[in-house]
Amino acid sequence: MRRRALSEVVSALILSGAVLAVGGALWSYSLGATTVIANNYVNGTLSLVDEITERFSVEHVSHSSDNLKVYVWVYNYGDVDVIVDIYVDVNTGNDGQYFDREIAVGDMEYVEVSMNSALSVDNEVTVQVYSGRGNSAYYTYYT
Amino acid sequence: MHITLTIRRGRKGTASIFGTLIFIGILFTAVIPMYLVMNQADTIFEQRKHETTILDEDRSRENILVYAYPRDGLTSDYISVKVKNECGLSLKAIRVWINDAPEPVSVTLNPLDEAEIGDYDVNPQAGETYDVRITTERGNVFECSSGILSYSDTGWEVESQLINVLISSSGVVFKIHVYWENGESWDEIPTSPAQVWKIGGSAFKSFDVTDFELPEYFKVVVMKGSNPIHEEIVFMEWPNGPSVIWVYA
């Protein structure tokens, strides 16, 4: 009777220990996993928030007197800083680009885009501005 | 037999209790906080989305009238800019553009407020033109409502000198009479009267008064049938003020 009771206690202790060990490991894993999942979700959501609150416009376009540069003024009127790439295309096939211009919230930045060849009279110039988050702004300018 | 059963129940109960406690622990320390954090992120997303939608709607509703004119007569070196908020929102003008030169300003306009911005010394030369625009904080750019200013040998010129009449009163057909002050009498200008029809809630007619020697007083009378529904005497200030006047009936 006494031997059997001891065996029951030991087996109960072993079983409880096993439950605690497996449960603790599961708990630890769950904490880590849910933390990672929550962080990923929050970062993804905040990134999406930045994407939908990003606002910028091409405020003005002009060109140099030697017709080799197009001047573009971009205004960030949104709630997040933006980094933009600027593409200038002319109806004659002439074009120019400028990459990675950072614009802080509320700022206007002035960019000089060098063209492949000189602009001429009555050119239709299309300015496209793309942000790294996938938003865009357009402007059409006539020389 | 009875004792054995009791011991077995106790062993099973201990494991179950530990298991349940661990399950509850995981639920309260991992799953629920994760859900709350995700829910909070969703709330922030919806809130910002709503704010951005409002910003876009406000931006599309912004409307201001911009007039540029010389400060002191036709040969002045200075340009002044008058802005009038025509929408139901407060807005802030943050930049004045004169050709390719931006000038930072900070002028807040409540609904229907007017403000004069400037003067700007442009050192005008004969043959030059001056394109004036205003940028608002919400990212809109408004061009000068009276067109581009130019400077000739005789001084400042503007593209148009207009009396614009906008009728929103009830009715469909209206007749607009415009008179100029000729000594002690009011004489009708050559393009007056004009008959207008209301389309889409309002009727609009513009009268060009470029041929008149300004500044000058004008009288605008809006008739519905044989009844005058609006009469207003307006003063065209050009060249010491805007070259476009709006009359609302």
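In this predicted model, a convenient place to start is the hairpin of strand 12 and strand 13 of chain B, where 2 residues sit between the strands and Gly183(B) adopts a positive phi near 65°. The two arms of this hairpin run antiparallel and are joined by 4 bridges, with strand 13 covering residues 185–188. Within this pairing, Trp180(B) stands opposite Asp187(B) of strand 13 of chain B.

Strand 12 of chain B has further partners. Strand 16 of chain B (residues 216–224) runs antiparallel to strand 12 of chain B and is connected to it by 6 bridges; here His177(B) has Val221(B) as its bridge partner. Strand 14 of chain B (residues 194–197) is also antiparallel to strand 12 of chain B (residues 173–182), with 4 bridges between them. In that case Ile176(B) is matched with Ala194(B) in strand 14 of chain B. As background for anyone tracing these strands, side chains in a regular strand alternate between the two faces of the sheet.

Stepping back to the level of domains, the assignment for chain B gives domain 1 (1–61), domain 2 (62–159) and domain 3 (161–249). The C-alpha centres of domain 2 and domain 3 of chain B are separated by 24 Å. Their contact involves 10 residues from domain 2 of chain B and 8 residues from domain 3 of chain B. On the domain 2 side, strand 1 (64–70) and strand 10 (155–158) of chain B each contribute at least two residues, and the largest share, 3 residues, belongs to strand 1 of chain B. Sorted by class, this side of domain 2 of chain B consists of 6 nonpolar, 3 polar and 1 charged residues.

Chain A offers another picture. Its secondary structure amounts to 1 helix and 7 strands, arranged from the N terminus as α-β-β-β-β-β-β-β. The chain is divided into domain 1 (1–53) and domain 2 (55–142), and the C-alpha centres of these two domains of chain A lie 54 Å apart. The overall dimensions can be read alongside this division: the C-alpha trace of chain A spans about 110 × 30 × 15 Å along its principal axes. The radius of gyration of chain A is 31 Å, whereas a compact globule of 143 residues would have a value near 15 Å. Buried residues account for 25% of the 143 residues in chain A. Of the contacts in chain A with a separation of 6 or more, 55% are between residues 24 or more positions apart.

Among the strands of chain A, 3 form an open antiparallel sheet in the order 1-2-5. Strand 1 and strand 5 (108–114) of chain A are its edge strands, each pairing on one side only, and the twist averages 25° from one strand to the next. Strand 2 of chain A (residues 69–76) is joined to strand 5 of chain A by 7 bridges in an antiparallel arrangement. One of the facing pairs there places Lys69(A) opposite Ser114(A) in strand 5 of chain A.

Finally, the two chains meet in a contact that takes 30 residues from chain A and 29 residues from chain B. On the chain A side, helix 1 (2–53) and strand 1 (56–63) each provide at least two residues. Helix 1 of chain A supplies the largest share of that side, with 23 residues. By class, the side of chain A that touches chain B comprises 17 nonpolar, 10 polar and 3 charged residues.

Technical notes
Residues are numbered from 1 along each chain as its sequence is written. Chains are lettered from A and ligands numbered from 1 in the order in which they are written. This is a predicted model: local features need pLDDT of at least 70, side-chain atom pairs count only at pLDDT 80 or more; totals for chains, interfaces and linings use all residues. Two residues are in contact if their C-beta atoms, placed from the backbone, lie within 7 Å. Ala, Val, Leu, Ile, Met, Phe, Trp, Tyr, Cys and Pro count as nonpolar, Asp, Glu, Lys and Arg as charged, and the others, Gly among them, as polar. The radius of gyration is taken over C-alpha atoms; the globule rule is 2.2 Å times the number of residues to the power 0.38. A residue is buried if 20 or more other C-beta atoms lie within 10 Å of its own, exposed if 12 or fewer, and partly exposed in between; C-beta atoms are placed from the backbone. Two strands pair if DSSP finds at least two bridges between them. Axes are lines fitted to C-alpha atoms, for helices over the stretch in contact, and angles run from 0 to 180 degrees between N-to-C directions. Domain bounds come from an automatic or database domain assignment.
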